[in-house]
Amino acid sequence: MVYQRRTSSGLAWRWLYFVLLVAISHGGGTEAADGDEWWQRTVFYQIYPRSFMDSNGDGVGDLRGITSRLAHLKDAGIGATWLSPIFLSPMVDFGYDIADYTAIQPEYGTMEDFEALVAEADRLGIKIILDFVPNHTSDQCEWFQRSVAREAPYTDYYVWQDGRADPSGSNGTRLPPNNWQSVFYGSAWTFHPVRGQYYLHQFTAQQPDLNFRNPAVAEEMREVLRFWLRKGVAGFRIDAVNHLFEVEGFPDEPETGTDRDPLSYGFTHHIYTKDLLEDYAMVYEWRELLDDWTRVHGGDSSIIMTEAYANITFTMKYYRSGEELAHAREGSHMPFNFLLITDLNRDSSAQDFVFTINKWLTYMPRVGATANWVLGNHDQPRVGTRYGTERIDAIHTLLLTLPGIAVTYYGEEIGMEDNPDAIGSSGGGDSVTGGGDAFIVFSRDPERTPFQWDDTANADFTTGPTTWLPVHPNYRQLNLAAEKAADRSHYKTYQALVRLRAHETFRKGSVQLVPYSNSVIVYVRELQDSDTFVVVINLAGGGTDRTVDLRSVFPRLSSELTVASSGSVSRYRPGDIVQSDRVVVGGYEGLVLRGVPMTSRPQDRDTLAGTNLAVLWRTVKDAAVIASIIIALGSSLYGLQPWHGIGKWTARGSLKK
């Protein structure tokens with residue numbers, strides 16, 4: 001009986017999975033949003049300012065350093081870059097604790113340096129995006145200091161509470177108002193003796209949360225956006241956006257039952273401190289402000305990129321307020337998609353990859369929205385560390401050929417790796433993740449080390465004797481200059497893929513993904529009357545070639561395909577011809593193959609109409625419903641990884657700032 005039940009479930013899963021492939025292959029949700037705006041067709045590049053380029057020899061990257069190296073972004077094909085915070089800060093959390101939102105941190109330079117950066121970027125055709133941190137300020141911010149003193153109008157700029165009476169105390173001492181925890185461990189409340197109340201901080205005690213229920217605070221944040229728009233920025237990446245509001249009344253959050261440490265962030269379900277409806281409403285307000293700015297001042301659209309580590313249902317709400325476009329409030333242009341970080345790693349199978357990618361495409365609004373794919377950032381291990389250095393080219397092939405927007409973290413284009421020697425270095429790295437074992441496990445220093453420009457001292461990051469974090473010792477072999485000089489390299493593969501993704505099929509075409517085997521992913525990108533492309537990615541190595549019959553999966557392919565892109569150690573070169581029914585794929589290979597254009601010839605339509613595939617397609621009335629069923633069944637029936645986390649990487653992802 002049990003065996004029959006499992007067999008039936010397996011058959012149901014396979015049938016539903018096939019329907020999803022058809023639905024996504026033909027569905028409009030996998031194509032670009034209406035229009036062809038700059039942000040829909042470019043590659044975004046995150047710069048961590050401390051680590052990109054130092055211009056004055058103090059070992060810390062700065063704005064002039066970034067300006068001097070913008071030509072590298074142009075050479076790589078990057079169209080926009082977002083900078084981690086550059087604002088005045090005590091640097092407890094390296095800029096995510098802001099003392100003044102409209103002043104430049106002195107070690108990064110001056111406002112004149114920033115204006116010169118924007119001007120040079122504009123000359124090169126590169127947009128500048130700033131990291132906007134609205135949830136909290138530094139405790140050194142003038143607003144907080146005046147709020148502590150109860151000075152109007154700052155009295156209620158932050159979240160203050162009296163706390164609870166201590167039943168065991170006899171001297172009137174009080175306890176924190178509730179059981180809320182900080183993301184960085186410990187109570188989310190700190191008592192301030194001057195004011196005589198507790199203040200809320202969902203991150204460090206030096207980062208007090210602003211009170212967005214105070215209209216004056218919301219207006220302060222709007223004015224910050226206007227200030228930088230006047231400076232010429234093209235938009236904002238909004239940090240920790242799902243923490244903006246908390247439930248009024250401050251009730252205790254329910255315990256998870258899986259973490260018994262009451263000071264750990266995993267001790268409670270964060271239903272009163274995260275993902276509240278007001279968070280989305282604030283994003284919609286900011287989007288309206290940016291759209292109004294563009295209407296009044298002209299020029300290209302100003303954009304919002306939102307960062308929220310949340311489940312996929314919550315994340316999709318950032319796109320807009322509802323499915324009815326005529327009545328919806330528009331929100332984030334890019335609710336960051338972290339699934340390639342949180343749900344996949346070097347042990348993931350082809351089925352895991354296809355499931356995870358299709359999950360985003362399925363939940364995404366069917367019209368008026370653009371997908372995005374984030375492969376790394378300043379809080380996560382680098383691609384080569386997370387997936388294995390041997391897979392770097394293959395994973396970049398995936399990133400740059402999926403429909404929608406690609407986001408690259410600095411250094412990934414040359415295959416930089418985490419430097420474990422950066423942990424606890426004398427340069428003064430990550431200070432917010434605690435000490436001892438916790439610091440070693442959760443420190444974000446290894447992925448923040450200086451960019452490796454060449455093989456000279458300190459990788460040419462600085463002319464000084466030291467760097468704020470140590471340069472990875474592999475820089476003498478792994479650096480940009482060496483990769484540009486080489487016949488084939490990670491960088492040249494990345495460059496070629498960026499150029500290729502400008503093709504209209506990659507910008508506007510549909511996608512159909514299939515796990516060909518446990519280790520081989522294949523997918524087709526099609527657009528009527530344009531070239532057809534097939535991507536083949538082999539996740540396995542071991543020196544064993546795989547022979548893939550692409551025509552058995554995609555019958556409409558031509559018999560011969562041309563290699564459009566191959567990895568740095570591939571046997572293939574662009575322009576090589578392969579047979580579509582017997583493509584030999586090497587270990588850890590990532591190939592992009594070009595076919596003849598898909599046409600609307602009558603015989604093609606007649607052939608398709610006569611197949612079982614077309615009959616099945618006609619039965620699909622609502623692909624979203626079917627997809628929801630599949631995703632609900634997927635983990636239990638098919639043994640796929642659940643999307644709530646995969647061990648260490650998810651734990652690190654939760655340490656979000």
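User: What lies over the face of tyrosine 410, and at what distance from the ring centre?

Analyst: In this predicted model, arginine 382 lies over the face of tyrosine 410, at 4.7 Å from the ring centre. A charge counts as sitting over a ring when its distance from the centre is within 6 Å, and the value of 4.7 Å for arginine 382 meets that part of the rule. Lysine 127 takes up such a position over the face of tryptophan 38, where the distance from the ring centre is 5.3 Å, which is also within the 6 Å limit.

User: What makes the aromatic pair of phenylalanine 52 and tryptophan 453 edge-to-face?

Analyst: Two values decide the matter, namely 5.2 Å from centre to centre and 75° between the planes. Ring centres must lie within 6.5 Å, and planes over 60 degrees apart count as edge-to-face; the pair meets both conditions and is therefore given that name. By this rule the count comes to 34 aromatic pairs. Rings can also be joined into a group, as in the cluster whose ring pairs link Tyr101, Phe132, Trp143, Tyr154, Tyr157, Phe212, Phe236, Phe245 and Trp286.

User: Why does the pair of phenylalanine 52 and tryptophan 453 tie together parts that are apart in sequence?

Analyst: Phenylalanine 52 belongs to helix α2 (residues 49-52), whereas tryptophan 453 sits in the loop between α14 (436-442) and α15 (480-485), so the pair ties together parts that are 401 residues apart in sequence. Both phenylalanine 52 and tryptophan 453 are buried, which means that each has a relative accessible area under 20%.

User: Why is valine 92 called partly exposed?

Analyst: The relative accessible area of valine 92 is 24%. Buried would require a value under 20% and exposed a value over 50%, so valine 92 falls in between and is partly exposed. This residue lies in the loop between β3 (87-88) and β4 (100-104). Its C-alpha atom is separated by 8.8 Å from that of glutamine 207, although valine 92 and glutamine 207 are 115 residues apart along the chain.

User: How do you know which strands are the edge strands of the open sheet of eight strands?

Analyst: The order of the strands is β13-β12-β11-β5-β2-β1-β15-β14, with parallel pairing. The edge strands are β13 (334-335) and β14 (372-374), each of which pairs on one side only. Within the sheet, strand β1 (residues 43-47) and strand β15 (residues 405-409) pair in the parallel sense over four bridges, and since pairing asks for at least two bridges, the requirement is satisfied. One point of registration is valine 43, which stands opposite alanine 406 in β15. Helix α13 (residues 392-401) packs on the sheet, touching β1, β14 and β15, and its direction makes about 140° with that of β15.

User: What makes strand β16 mostly covered?

Analyst: Six of the six residues in β16 (residues 510-515) are buried. Ser510, Gln512 and Val514 point one way, Val511, Leu513 and Pro515 point the other way, and all are buried. Strand β17 is mostly covered as well, with seven of its seven residues buried; Val520, Val522, Val524 and Glu526 lie on one side and Ile521, Tyr523 and Arg525 on the other.

User: How many bridges join β16 to β17, and in which sense do the strands run?

Analyst: Six bridges join β16 to β17 (residues 520-526), and the strands run antiparallel; the cut-off is at least two bridges, so they count as paired. A hairpin connects these strands through four residues, while the bridge partner of leucine 513 is tyrosine 523 and valine 511 stands opposite arginine 525. On to β18 (residues 533-538), β17 is again joined by six bridges in an antiparallel arrangement, with valine 524 partnered by valine 534. Six residues lie between the strands in the hairpin of β17 and β18, where aspartate 529 takes a positive phi near 65°.

User: Which residues touch the most other members in the largest nonpolar core?

Analyst: Of its 140 residues, Phe44, Phe52, Phe114, Leu130, Trp228 and Trp286 touch the most other members. Helix α8 (residues 277-297) gives the most to this core, with eight residues. A second, separate core of 18 residues includes Val534, Val548, Phe554 and Val585.

Methods:
Residues are numbered from 1 along each chain as its sequence is written. This is a predicted model: local features need pLDDT of at least 70, side-chain atom pairs count only at pLDDT 80 or more; totals for chains, interfaces and linings use all residues. Side-chain values use heavy atoms; hydrogens and water are left out. Rings of Phe, Tyr and Trp (its six-membered ring) pair if their centres lie within 6.5 Å; planes under 30 degrees apart count as stacked, over 60 as edge-to-face and the rest as tilted. Buried means under 20% relative accessible area, exposed over 50%, partly exposed in between (1.4 Å probe, protein chains only). A charge sits over a ring if NZ of Lys or CZ of Arg is within 6 Å of the ring centre and within 35 degrees of the ring normal. Contact means heavy atoms within 4.5 Å. Axes are lines fitted to C-alpha atoms, for helices over the stretch in contact, and angles run from 0 to 180 degrees between N-to-C directions. A nonpolar core is a set of buried Ala, Val, Leu, Ile, Met, Phe, Trp, Tyr and Cys residues joined through side-chain atoms within 4.5 Å.
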